[in-house]
Amino acid sequence: MPATQLSVELLAVTPNALSLIYAAFRQCYHAGFVADMWPRLVNGEVEREVQADFVRKVLESGHDSPVEHASFTFAVAGISRACSHQIVRHRIASYSQQSQRYVDASNMDYVLPPAIAKIPEARERFEAFMAEVGHAYRDLKDILEAHGRKEKAKEDARFVLPQAAETRMVISMNCRALLHFFNLRCCMRAQWEVRALAQAMLALCKAELPAIFTTAGAKCESLGYCPEAPRFACGRYPTREALLAGSGGK
């Protein structure tokens, strides 16, 4: 039952994602039928940088609904159940999560919080508890199996598993949902684990589709100031209140 590490891999992206978003934006402002221009977009007759520049400019205007037409799918491992509970609060997404009903957790890996890892006595207590959880799970599973629960023993033994237990997921989100996810979860107010996951996902998105994600991240990254109340600000950017005070409240 060792501590585990975060792993994020990009499984799939909507084909021709930039051209698809460009076409969707163009249809909003174009009198013709974008299907007629589609072959020229995907074969390079309209340069990708021309498409990217147009998309960036429209996004800067606040018009962002067409980016919903493209989506990303990630495989995620090395996160805790505590983290996955936060992720699934984002409703415009699809999730497939490893089931504790069907997957044997006898040798459960777990996530060790950094704040606990750096304090020797805290780490010792945490790891001792994880070992006891493993023993309790295996004992309960064996007892239940001996009493006829067979394969269903796992679904009852799992009730002793902690939030630190590792889980694995496949996550799909469209680009607009991802931008919102990054706004919230890349912020320093997000818990360290979900923030690390969001940052890893964002790095993959930036590499794949920079026209959409180059300026993505915590809200302060695009606003240039912290939208949180002053007592919640991390200090990386000035707060809105500080900026207004500096401008005389204008």
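Which residue in β4 is the bridge partner of T73? The legends below take up this and other details of a predicted model.

**Figure 1. The pairing of β2 with β4 in the predicted model.** The bridge partner of T73 is S172, which belongs to β4. Strand β2 covers residues 71-80, and β4 covers residues 166-174. The two strands, β2 and β4, pair in the antiparallel sense, and 8 bridges are found between them.

**Figure 2. An open sheet of 4 strands.** The strands follow the order β1-β2-β4-β3, and their pairing is antiparallel. From one strand to the next, the twist averages 20°. Which strands stand at the edges? They are β1, residues 7-13, and β3, residues 94-97. Each of these two has a single partner strand, so one side of each is left without a neighbour in the sheet.

**Figure 3. The edge strand β1 and its partner β2.** Over 6 bridges, β1 pairs with β2 in the antiparallel sense. One residue to look for is L10, whose bridge partner in β2 is F74.

**Figure 4. The edge strand β3 and its partner β4.** Strands β3 and β4 run antiparallel and are joined by 4 bridges. Q97 has its bridge partner in β4, namely M169.

**Figure 5. Helix α8 against the sheet.** Helix α8 is made of residues 175-185. This helix lies across β2 and β4, and the angle between α8 and β4 is about 125°.

**Figure 6. The crossing of α8 and α9.** Helix α9 spans residues 192-208, and its axis comes within 9 Å of the axis of α8. The two axes cross at roughly 140°, and α8 and α9 are therefore oblique to each other. The crossing of these two helices is left-handed. On the α8 side, the contact is made by L178, F181, F182 and R185. On the α9 side, these residues meet V194, R195, A198, M201, L202 and C205. How many residues of the contact of α8 with α9 are nonpolar? There are 8 nonpolar residues, together with 2 charged and no polar ones.

**Figure 7. The crossing of α1 and α3.** Helix α1 runs through residues 17-29 and helix α3 through residues 48-60. Their axes come within 9 Å and cross at roughly 55°, which makes α1 oblique to α3. The crossing of α1 and α3 is left-handed. From α1, the residues in the contact are L18, S19, I21, Y22, F25, R26 and Y29. They meet R48, V50, Q51, A52, F54, V55, V58 and L59 in α3. The residues of this contact divide into 11 nonpolar, 2 polar and 2 charged.

**Figure 8. The domains of the protein.** According to the domain assignment, domain 1 is made of two stretches, 1-100 and 169-217. Domain 2 takes in residues 102-164, and domain 3 takes in residues 220-249. What distance separates the centres of domain 2 and domain 3? Taken over C-alpha atoms, the centres of these domains are separated by 44 Å.

Methods:
Residues numbered from 1 in each chain as written. Predicted model: local features only at pLDDT ≥ 70, side-chain atom pairs only at ≥ 80, totals over all residues. Heavy atoms only, no water. Domains from an automatic or database assignment. Axes fitted to C-alpha atoms, helices over the stretch in contact; angles between N-to-C directions. Parallel < 35°, antiparallel > 145°, perpendicular 65-115°, else oblique. Left-handed = near helix turned anticlockwise from the far one by under 90°. Contact = heavy atoms within 4.5 Å. Nonpolar A, V, L, I, M, F, W, Y, C, P; charged D, E, K, R; others polar. Pairing = 2+ DSSP bridges.
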